Amino acid sequence: MDDRLRRSRLWTVGTLAGVVLIVASACSSGTSPSTRSGGSSPAASTGGGGSSPAASTGGGAPSGSPAGSAAAGTKHVAILNKDMTDDEIKAAIAAEGSLNVGNWTYSATNELVNQFQMYVKNTYGADIKLNYVGSQQPSEYLTKLAADQKAGNKASFDVIAVEENYWYDASQQGLVDDSLDSDLIPNQKMVLDMFKHDKQSIAFQSTAYPGVVYDKNDAGYLTKLMDLADPRLKGKLTFPKPTDITAGGLLLGLASEMGKDYKDPEQMKQVVDWAVQNLGPNVVKYTTDQATPQQLFESGAVDAVGFWNSLARLEYLGGHKEAALLVPPAIYPINGYLWIPKNAPHPVLAQIFMNWRLAKDVQFPNAWPIDHGQWSELSEGFLGPDYTGLVPDWFKADYNTYFPTLDQIKSGFKTVDWPAYNASSKVFLDYYSQQLGQ
């Protein structure tokens, strides 16, 4: 996902219920987060916009919660395996002074950085710098982290916030530290267990997937991914580079339409061959850089772009009223997950950021000074029941035409077998690159 741009056509609620039933069986969520530990910091608020902090996030939890192992008057900081007082936590934050986060590109990145820095200042009294790196090819982050580890250096990033498959790949390389349970991340208790991976990672999205955004006036004939082969789209389509999960996710959808098994790389090569032969003539550019397909789409140079589903929402809410989202017969959600690399240079701030990103008023940044399209990039569905009452008034009437209900999320999109996908994709994405000469 993000400037995985996101805007979507107004599906009917009935269509959404019929088509979007596709994330994993749900487990029950935890309780609401406890109050933050920021000493004399302001009381919790409902928003992070303007000059007020995103205060409902909380900087920590009461002693012994959620980890349950902290000594009296302290909080257990899991990544350090250490019990710390509020004063020690504040001192650690001031000493660390900065935080390096690897994520996607967002149109509201500057405001996201501003909100977090303001939150830390108001909650912990520290002026810190958030270095927010955005890339649409997150494999770059894993390459850097592996090189850091091999050289015996500190990790280049403190937090990685990208698609779930990269967490799995990193975990297999021994690049992920244990950060849960922690008294510095009480908001983890609001997130359904289905969105957690033991002590290592936790989702900050629930409904993200690669899709096709198209103009209803020029490409209203599109009903499935295989329709992208229509000759009317010649020179009017962009598609992701064959280098990451954006392309991989769309190929999963194609495989489903073609009756192929994505776990079998030989069958996926057949899907790739079909895509190269039938979609290739229509593709004017292969790119995962969000700005490029967005500019081409908004200018009318192309009629359809392969990107993330949120681009449709961003376009629609930003005024491109003919922007629509192609809803494929099978949807494989590929949500973003937060995790901390081993040997992170700023581990305390890393946990503070994870907690903040899961906060109600960050998941639903209703008070931030951003437009509705930017809001729709940052808000990616319900992570648990504690979030369901936070939909802003301006979106309540149409929310369920863009997003599934919590019950639909629980009952499930199609679940990706990540070990199988990673093994298969190493073959078929390389094959895709070779076939395209990239």
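**A quick tour of the fold**

You're looking at a protein with 16 helices and 13 strands, and keep in mind that this is a predicted model. Out of its 438 residues, 59% count as buried. What does show on the outside adds up to about 15200 Å², with carbon and sulfur atoms supplying 47% of that area.

**Helix H3**
- H3 covers residues 109-124, so to speak a run of 16 residues, and reaches 22 Å from its first C-alpha to its last, close to the 22 Å expected at 1.5 Å a residue.
- Plenty to look at inside: the buried residues of H3 include Leu 112, Val 113, Phe 116, Met 118 and Val 120.
- The buried residues of H3 pack against helices H2 (86-96), H11 (347-357) and H13 (372-378), as well as strands S3 (98-103) and S4 (129-134).
- Right after H3 comes Gly 125, with a positive phi near 70°.

**The nonpolar core**
- The largest nonpolar core has 132 residues, and Ile 93, Phe 116, Leu 251 and Phe 353 touch the most other members.
- Setting aside neighbours within four places in sequence, Phe 116 is in contact with residues including Leu 99, Leu 130, Phe 353 and Trp 356.

**Backbone oddities**
- The peptide bond from Leu 180 to Asp 181 is cis, with omega near -5°; Asp 181 sits in the loop between helix H5 (164-172) and strand S6 (196-197).
- Asn 81 isn't a glycine, yet its phi is positive at about 50°. You'll find Asn 81 in the loop between strands S1 (75-77) and S2 (82-84), and at 62% relative accessibility it counts as exposed.
- Asn 343, also not a glycine, has a positive phi of about 65°. Asn 343 lies in the loop between strand S13 (336-339) and H11, and counts as partly exposed at 37% relative accessibility.

Definitions and conventions. Residues numbered from 1 in each chain as written. Predicted model: local features only at pLDDT ≥ 70, side-chain atom pairs only at ≥ 80, totals over all residues. Heavy atoms only, no water. Helix = DSSP H or I, 4+ residues; strand = E, 2+ residues; numbered from the N terminus. Buried < 20%, exposed > 50% of the residue type's maximum accessible area, 1.4 Å probe, protein only. Areas by Shrake-Rupley, 256 points an atom, 1.4 Å probe, with all protein chains shown as cover. Expected span 1.5 Å × (residues − 1). Contact = heavy atoms within 4.5 Å. Core = buried A, V, L, I, M, F, W, Y, C linked by side-chain atoms within 4.5 Å.
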